[in-house]
Amino acid sequence: MPRYKCFYLDPITYAVTGIGILLAALSASAQITAIHPKVLPQETAILAAYDDAGAMEQYSRDWLPQWSFSISKDEVAAHLSKDVALLRTASDRHPDNSELALLTGLVGRFAYNLDLDGSYAMTLAALKRAIDLEPKDVRGRWFRAAFVCSTESPGPGAEEFLAIEAAHASSQLPAGYWEDYMRCLHIVGMPVHVLRAAKYLAGVNAGDADLREFFVSTENKRFEAVDKTKVYEEAETWSSAPLGADIVYTNTGCGIGIRMHATWKTTDLRLAKGDCKASFDIGSYGKDKTTADVTIFVESQKPNQTLKDFLYLYMPEGNIANPESIDACPVASCMGVRIVKTGDSSKDEPYRHYAVLFERDAPEFPGLALEFPNPPRVEQGTEGPVFFHPDQLKQRVPGKIYYAVYLSVATEFVPQALQDFIFLVQNLRVD
């Protein structure tokens, strides 16, 4: 598989070198130390390959668009080519030694970073063997995630890192894991996850301090405060990205991500004076392909304001019917209501109106819930790395935020529209 040749740059300094160079210069940690040599077959050739690969790691930990070491790239490649050949032969003699499979996969990753032929398939095969032999050993999946994240399709590598994290307490994962995690999630555009990992490592005084500081500095520069006196253009604060067959519209300033089917249509996306509004059409019902209207309001809590007060901003109190069963809530607790015109009966209403409301206090890591792997696109036919600047992101407005999601639909299409509405509400990402 071709290499992933896109690199994030520092969004403030606009450096002209790739992140691979910067990381190589900063990283003093060694992932080879995650291998336990005493568990390897105690053969001279295997142990020599382990030692040699460790010596070469500082030059091959990351793929580099430019070579800046005193030792030549060809010399490092020659060392790793020999090491890989020795380890592959040894693996045939010791097919049940998971530690040897791990070492072979890790050295294969180093070889891949030197563009050695055959290293991609060999690395994945060795790591699969390690995982199959010891499925509870996190190192196999960790090494595979780090490797996949260096290919042209880094998304699955990031997803595996997130799955490993979800299944383990932070203290169960070594510093080397978190350093590879930061590298990978930096590539796929998840800066808050990177900052959280850096804070954990700093809190336990683990890993490479220079590497942590680099990521903290770089990722923090991506965020800027929302100007509560300003009306922003849609493109300034809203972004969209594919998620499977759907699309996610995200506004980090208002702490919301809206997952929509690709056939749905946005009609209004805004951030004005610190508050957000998103309007769109959902569904396609009946022979006339009728749609339902959805509007989401996101606003900071005003002094002494309650969630019901927020609801009444948009609908007089007398028009709130008894709550109906709306099985949709993206957080622990929601207020679900049906809205009627005073004096109307449900049978006479040409349209039905529903609302789901909830609130969120500012989290420790604003934006964390909104992130998912979203690698930058690789330009087809481009030779060498593609350098670019990541988008600036708005910081979540501070304090408690109220969210209200309104649905308006023709009465005859209520059952179908409620299904789509429930999907939308349950899949909201909120801070």
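**Exercise 1. Place strand 9 among its neighbours.**
Task: Which residue is the bridge partner of Phe297 in strand 14?

Solution.
Step 1. In this predicted model, Phe297 has Ala404 of strand 14 as its bridge partner.
Step 2. Widen the view to the two strands. Strand 14 covers residues 401-410, and 8 bridges join it to strand 9. The two run antiparallel.
Step 3. Turn to strand 8, residues 275-285. Strand 8 also pairs with strand 9, in the antiparallel sense, over 8 bridges. One residue of strand 8, Asp281, has Asp293 of strand 9 as its bridge partner.
Step 4. Follow the chain from strand 8 to strand 9. They form a hairpin, with 4 residues between them. Gly286 sits in the turn and has a positive phi of about 70°.

**Exercise 2. Judge the cover of strand 9.**
Task: How many of the 11 residues of strand 9 are buried?

Solution.
Step 1. Strand 9 spans residues 290-300.
Step 2. Of its 11 residues, 8 are buried, so the strand is mostly covered; buried means under 20% relative accessible area.
Step 3. Set this beside the whole chain. There, buried residues make up 50% of the 431 residues.

**Exercise 3. Classify Thr306.**
Task: Is Thr306 buried, partly exposed or exposed?

Solution.
Step 1. Find the residue. Thr306 lies in the loop between strand 9 and helix 12 (307-312).
Step 2. Read its relative accessible area: 38%.
Step 3. Apply the cut-offs. Buried is under 20% and exposed is over 50%, with partly exposed in between. Thr306 is therefore partly exposed.
Step 4. Look across the chain. Thr306 and Tyr402 are 96 residues apart along the chain, yet their C-alpha atoms are separated by 9.0 Å.

**Exercise 4. Describe a helix pair.**
Task: What is the crossing angle of helix 8 and helix 10, and how close do their axes come?

Solution.
Step 1. Two packed helices are described by the angle between their axes and the distance between the axes.
Step 2. Helix 8 holds residues 175-187 and helix 10 holds residues 209-220. Their axes come within 11 Å and cross at roughly 25°.
Step 3. Angles under 35 degrees count as roughly parallel. Helix 8 is therefore roughly parallel to helix 10.
Step 4. Add the handedness: the crossing is left-handed.
Step 5. List the residues in contact. Helix 8 supplies Glu179, Met182, Arg183 and His186. Helix 10 supplies Leu211, Arg212, Phe215, Thr218 and Glu219.
Step 6. Sort them by class. The contact has 3 nonpolar, 2 polar and 4 charged residues.

Terms used:
Residues numbered from 1 in each chain as written. Predicted model: local features only at pLDDT ≥ 70, side-chain atom pairs only at ≥ 80, totals over all residues. Heavy atoms only, no water. Axes fitted to C-alpha atoms, helices over the stretch in contact; angles between N-to-C directions. Parallel < 35°, antiparallel > 145°, perpendicular 65-115°, else oblique. Left-handed = near helix turned anticlockwise from the far one by under 90°. Contact = heavy atoms within 4.5 Å. Nonpolar A, V, L, I, M, F, W, Y, C, P; charged D, E, K, R; others polar. Buried < 20%, exposed > 50% of the residue type's maximum accessible area, 1.4 Å probe, protein only. Pairing = 2+ DSSP bridges.
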